[in-house]
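User: Could you walk me through this protein model step by step? I am new to reading structures.

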Amino acid sequence: MGDSTSRTDTITSTADTAVATVGFLYPGYSAEDDYPRLESLIHDSGDPRAAGVRLPLVHTDMGTDAHRVDALLEMGAVHRLAAGVGELKAAGARAVVWACTSASFVYGWEGAGQQVAALSEAAGLPASSTSFAFAHAVQELELSRVAIAATYPDDVAGLFAEFLKTAGAEVVGTRGSGIITAAEVGTWGREDVLRIAREGDDPAAQAVLLPDTALHTAAWVAEIEETLGKPVLTANQVTVWEGLRLLGRTVRVPALGALFDRG
């Protein structure tokens with residue numbers, strides 16, 4: 001699988017320290033409540049390595065709420081991301097993740113790597129984004145064939161497929177849902193999430209990817225996997241996993257699916 005950038009692969013070991021704080025830059029307001037839910041699920045896992053995990057989040061100015069290439073390029077501009085770095089560092093963050101898929105992969109593999117490198121420089125910390133989180137999670141699970149179940153319009157979903165192909169994964173199916181705004185996606189509930197996962201599945205896929213951080217999924221990852229009978233990677237799930245990966249912290253949380261049911 002292709003590498004992202006040296007910045008996204010910077011590992012700062014915290015295996016023998018009490019606190020592992022990952023800061024997240026989240027665009028606007030939609031499914032940000034997944035992050036305290038993810039933190040609670042991690043703490044409730046019973047894994048002693050979970051005790052020190054903290055996941056503070058800062059909202060970024062998203063500009064225009066639209067799954068359009070022009071709007072996404074502006075949403076992911078480094079000056080918008082850098083504005084929230086100080087608050088995350090004050091909260092004790094030792095790594096930072098841009099918690100947005102579309103406004104990272106829209107830059108392409110090289111551009112997304114430059115975005116993360118600039119964020120890392122601004123923060124003075126290891127950094128990554130949700131797009132690279134997906135690429136690294138696919139590698140971690142040793143997946144070669146994946147299907148995409150996206151909320152996005154088809155053209156934006158196609159850009160995510162191209163990003164994954166650059167990372168070395170074969171995308172056997174890509175399904176968009178034509179939703180323009182994150183605000184609308186944030187209103188979707190359990191039945192909507194299960195439906196999009198089923199509709200986006202493909203018999204040839206080893207896993208199904210739900211790429212939008214505006215989509216609530218944290219409470220239902222294990223259920224979706226049971227329904228589909230295969231691993232499921234969702235945006236907020238992989239974003240948190242990526243942040244912990246940057247800190248060298250492995251936590252076993254079966255409630256968060258196959259990605260967290262390791263180690």
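Analyst: Happy to help; this is a predicted model, and we can take a few questions in turn.

User: Is Ala-169 buried or exposed?

Analyst: Let's start with where it sits: Ala-169 lies in the loop between α8 (154-166) and β7 (170-175). Its relative accessible area is 6%. Buried means under 20%, so with 6% Ala-169 is buried.

User: Which residues does Ala-169 touch, not counting residues up to four places away in sequence?

Analyst: Gly-124 makes a good contrast here, as it is 45 residues apart from Ala-169 in sequence and 31 Å apart in space, C-alpha to C-alpha. Contact needs heavy atoms within 4.5 Å. With sequence neighbours up to four places away set aside, the residues touched by Ala-169 are Val-138, Ser-144 and Leu-164.

User: Which residues in the largest nonpolar core touch the most other members?

Analyst: That core holds 90 residues. Leu-210 is one of those we want, and beyond its neighbours within four places in sequence it contacts residues including Phe-134, Val-193, Ile-196 and Leu-215. The full set is Ile-42, Leu-164, Leu-209, Leu-210, Leu-233 and Val-240.

User: Which residues are closest to the centre of the largest cavity?

Analyst: The count comes to one cavity of 30 Å³ or more, and the largest cavity has a volume of about 90 Å³. Of the 15 residues that line it, the closest to the centre are Pro-27, His-67, Cys-100, Ala-182 and Asp-212.

User: How do the residues of that lining divide into nonpolar, polar and charged?

Analyst: Two elements, β1 (20-27) and α2 (69-75), each supply at least two residues of the lining. By type, the lining of the largest cavity divides into nine nonpolar, four polar and two charged.

Key
Residues are numbered from 1 along each chain as its sequence is written. This is a predicted model: local features need pLDDT of at least 70, side-chain atom pairs count only at pLDDT 80 or more; totals for chains, interfaces and linings use all residues. Side-chain values use heavy atoms; hydrogens and water are left out. Helices (H or I, at least four residues) and strands (E, at least two) are DSSP runs, numbered from the N terminus. Buried means under 20% relative accessible area, exposed over 50%, partly exposed in between (1.4 Å probe, protein chains only). On a 1 Å grid over the protein atoms alone, a cavity is a set of points where a 1.4 Å probe fits but cannot get out, and a pocket is an open set with protein on both sides within 12 Å along at least five of seven lines; lining residues have an atom within 4 Å of a point. Grid points are joined across faces, edges and corners, and a volume is the space filled by probe spheres set on the points. Ala, Val, Leu, Ile, Met, Phe, Trp, Tyr, Cys and Pro count as nonpolar, Asp, Glu, Lys and Arg as charged, and the others, Gly among them, as polar. A nonpolar core is a set of buried Ala, Val, Leu, Ile, Met, Phe, Trp, Tyr and Cys residues joined through side-chain atoms within 4.5 Å.
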